[in-house]
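Take a look at the chain below. We will go from the whole fold down to a few side chains.

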Amino acid sequence: YLFLNKSEAAKSVGEDQWQGGIDLMALDEAERHALGWHYFFKNHTFDSNHTSLYDHIVLNSTQMGTCHGLSKLPYIRDSRRSVGINDFVIKITDISGNATQMVGVPFSDRLAIGCYDDDIHKTLNCTYPTYIQHFEDYQILPYFLPFR
(Lines give C-alpha, C1' and ligand atoms only; values in the text may rest on other atoms or scores of the structure.)
Protein backbone atom coordinates (compact mmCIF):
# COMPACT_ATOMS: atom_id res chain seq x y z
CA TYR A 1 0.00 0.00 0.00
CA LEU A 2 1.17 3.49 -0.77
CA PHE A 3 0.13 4.98 2.56
CA LEU A 4 1.70 3.93 5.84
CA ASN A 5 -0.66 2.53 8.42
CA LYS A 6 -1.49 4.80 11.35
CA SER A 7 1.09 3.35 13.75
CA GLU A 8 3.91 3.52 11.17
CA ALA A 9 2.97 7.11 10.28
CA ALA A 10 2.93 8.08 13.96
CA LYS A 11 6.31 6.41 14.48
CA SER A 12 7.82 8.35 11.56
CA VAL A 13 6.61 11.61 13.12
CA GLY A 14 8.08 10.65 16.51
CA GLU A 15 11.44 9.84 14.91
CA ASP A 16 11.40 13.14 12.96
CA GLN A 17 11.28 11.12 9.73
CA TRP A 18 7.91 12.32 8.41
CA GLN A 19 7.63 11.84 4.64
CA GLY A 20 3.97 12.61 4.11
CA GLY A 21 2.68 9.28 5.38
CA ILE A 22 3.94 7.60 2.21
CA ASP A 23 5.72 4.25 2.11
CA LEU A 24 8.74 5.23 -0.01
CA MET A 25 9.52 1.61 -0.91
CA ALA A 26 5.95 1.18 -2.22
CA LEU A 27 6.29 4.43 -4.18
CA ASP A 28 9.59 3.22 -5.68
CA GLU A 29 7.99 -0.07 -6.70
CA ALA A 30 5.00 1.74 -8.23
CA GLU A 31 7.34 4.00 -10.21
CA ARG A 32 9.32 1.00 -11.50
CA HIS A 33 6.08 -0.72 -12.48
CA ALA A 34 4.81 2.39 -14.31
CA LEU A 35 8.14 2.83 -16.12
CA GLY A 36 8.05 -0.81 -17.17
CA TRP A 37 4.62 -0.33 -18.76
CA HIS A 38 5.76 2.94 -20.35
CA TYR A 39 8.71 1.26 -22.05
CA PHE A 40 6.60 -1.74 -23.06
CA PHE A 41 4.07 0.50 -24.82
CA LYS A 42 6.82 2.69 -26.24
CA ASN A 43 8.43 -0.36 -27.87
CA HIS A 44 5.25 -2.16 -28.96
CA THR A 45 2.89 0.55 -30.25
CA PHE A 46 2.29 1.10 -33.94
CA ASP A 47 -0.11 3.17 -35.99
CA SER A 48 -2.51 1.74 -38.60
CA ASN A 49 0.36 1.70 -41.15
CA HIS A 50 2.48 -0.44 -38.80
CA THR A 51 4.85 2.48 -38.22
CA SER A 52 6.42 2.60 -34.78
CA LEU A 53 5.19 5.35 -32.47
CA TYR A 54 8.34 5.06 -30.34
CA ASP A 55 9.30 8.75 -30.73
CA HIS A 56 5.79 9.94 -29.87
CA ILE A 57 5.36 8.14 -26.55
CA VAL A 58 7.30 10.24 -24.07
CA LEU A 59 7.36 11.16 -20.39
CA ASN A 60 7.48 14.91 -19.85
CA SER A 61 9.52 15.72 -16.75
CA THR A 62 8.94 19.47 -17.17
CA GLN A 63 5.17 19.11 -17.22
CA MET A 64 4.98 16.63 -14.33
CA GLY A 65 7.65 18.32 -12.20
CA THR A 66 9.57 15.09 -11.58
CA CYS A 67 12.94 13.90 -12.85
CA HIS A 68 11.43 10.82 -14.54
CA GLY A 69 8.27 12.36 -15.99
CA LEU A 70 5.86 10.29 -13.92
CA SER A 71 3.30 11.93 -11.67
CA LYS A 72 4.46 12.82 -8.16
CA LEU A 73 2.18 10.15 -6.70
CA PRO A 74 0.65 7.19 -8.51
CA TYR A 75 -3.10 7.03 -8.83
CA ILE A 76 -3.70 4.02 -6.63
CA ARG A 77 -7.06 3.02 -5.21
CA ASP A 78 -5.66 3.46 -1.75
CA SER A 79 -8.12 6.10 -0.61
CA ARG A 80 -10.05 3.54 1.45
CA ARG A 81 -7.07 3.48 3.79
CA SER A 82 -6.59 7.28 3.98
CA VAL A 83 -7.20 8.47 7.51
CA GLY A 84 -7.17 12.16 8.37
CA ILE A 85 -6.75 14.16 11.54
CA ASN A 86 -8.63 12.73 14.53
CA ASP A 87 -9.34 9.53 12.55
CA PHE A 88 -11.45 11.34 9.93
CA VAL A 89 -12.46 9.17 6.94
CA ILE A 90 -14.53 10.42 4.01
CA LYS A 91 -17.64 8.26 3.68
CA ILE A 92 -19.46 7.53 0.44
CA THR A 93 -22.38 9.58 1.77
CA ASP A 94 -20.02 12.62 1.88
CA ILE A 95 -19.46 12.44 -1.87
CA SER A 96 -22.82 11.25 -3.14
CA GLY A 97 -26.46 12.22 -3.24
CA ASN A 98 -29.31 13.26 -5.45
CA ALA A 99 -28.27 15.21 -8.55
CA THR A 100 -30.32 18.20 -7.34
CA GLN A 101 -27.78 18.61 -4.51
CA MET A 102 -25.13 19.50 -7.13
CA VAL A 103 -22.16 18.66 -4.83
CA GLY A 104 -21.25 16.44 -1.89
CA VAL A 105 -20.75 17.69 1.66
CA PRO A 106 -19.24 21.23 1.51
CA PHE A 107 -16.72 20.83 4.35
CA SER A 108 -15.84 24.16 5.99
CA ASP A 109 -12.12 23.34 5.70
CA ARG A 110 -12.26 22.19 2.07
CA LEU A 111 -9.07 22.56 0.05
CA ALA A 112 -9.76 20.60 -3.13
CA ILE A 113 -12.61 19.35 -5.25
CA GLY A 114 -12.88 15.98 -6.95
CA CYS A 115 -15.18 14.60 -9.58
CA TYR A 116 -14.35 10.92 -9.97
CA ASP A 117 -16.62 7.94 -9.62
CA ASP A 118 -16.16 5.74 -6.55
CA ASP A 119 -14.08 3.14 -8.47
CA ILE A 120 -15.02 0.27 -6.18
CA HIS A 121 -15.23 -3.13 -7.82
CA LYS A 122 -17.18 -6.15 -6.69
CA THR A 123 -15.02 -9.08 -5.69
CA LEU A 124 -15.89 -12.71 -5.15
CA ASN A 125 -13.99 -13.41 -1.95
CA CYS A 126 -13.93 -10.07 -0.16
CA THR A 127 -16.27 -8.54 2.36
CA TYR A 128 -16.10 -4.77 2.30
CA PRO A 129 -16.26 -2.71 5.50
CA THR A 130 -19.74 -1.46 6.34
CA TYR A 131 -18.96 2.06 5.13
CA ILE A 132 -18.36 0.70 1.60
CA GLN A 133 -21.16 -1.88 1.34
CA HIS A 134 -23.95 -1.12 -1.15
CA PHE A 135 -21.73 1.37 -2.98
CA GLU A 136 -23.65 0.73 -6.20
CA ASP A 137 -26.67 2.49 -4.63
CA TYR A 138 -24.89 5.86 -4.53
CA GLN A 139 -24.66 8.52 -7.23
CA ILE A 140 -21.28 10.24 -6.93
CA LEU A 141 -21.39 14.04 -7.18
CA PRO A 142 -18.55 16.54 -7.48
CA TYR A 143 -17.13 16.48 -3.95
CA PHE A 144 -14.85 18.40 -1.64
CA LEU A 145 -11.76 17.16 0.15
CA PRO A 146 -11.28 18.66 3.59
CA PHE A 147 -8.03 19.54 5.32
CA ARG A 148 -8.39 17.17 8.26
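What share of the 148 residues in the protein chain is buried? Buried residues make up 21%. Keep in mind that this is a predicted model. The mean pLDDT of the protein chain is 82, and 82% of its residues reach 70 or more.

Start with the layout. The protein chain has three helices and two strands. Along the sequence, they follow the pattern α-α-α-β-β. Confidence varies between these elements: helix α2 has the highest mean pLDDT, at 90, and helix α3, residues 61-64, has the lowest, at 81.

Next, the chain as a whole. Take the contacts with a separation of 6 or more: 62% of them join residues 24 or more positions apart. The accessible surface comes to about 11200 Å². Carbon and sulfur atoms account for 56% of that surface.

Now go to helix α2, which covers residues 24-44. Two of its residues are worth a closer look: Trp37 and His38.

His38 first. Its relative accessibility is 12%. The cut-off for buried is under 20%, so His38 counts as buried. What does His38 contact, leaving aside its neighbours within four places in sequence? The partners are Ile57, Val58 and Leu59.

Trp37 has a relative accessible area of 45%. That value lies between the 20% and 50% cut-offs, so Trp37 is partly exposed. Trp37 also helps to make a nonpolar surface patch, together with Phe40 and Phe41. The patch measures about 330 Å².

Conventions:
Residues are numbered from 1 along each chain as its sequence is written. This is a predicted model: local features need pLDDT of at least 70, side-chain atom pairs count only at pLDDT 80 or more; totals for chains, interfaces and linings use all residues. Side-chain values use heavy atoms; hydrogens and water are left out. Helices (H or I, at least four residues) and strands (E, at least two) are DSSP runs, numbered from the N terminus. Buried means under 20% relative accessible area, exposed over 50%, partly exposed in between (1.4 Å probe, protein chains only). Contact means heavy atoms within 4.5 Å. Patches are made of residues with over 30% relative accessible area and no salt bridge: like charges are joined within 9 Å, nonpolar side chains (Val, Leu, Ile, Met, Phe, Trp, Tyr) within 5 Å. Accessible areas come from the Shrake-Rupley method with a 1.4 Å probe; for residues, only the protein chains shown count as cover. A salt bridge is a side-chain nitrogen of Lys or Arg within 4 Å of a carboxyl oxygen of Asp or Glu. pLDDT is the predictor's confidence in each residue, from 0 to 100.
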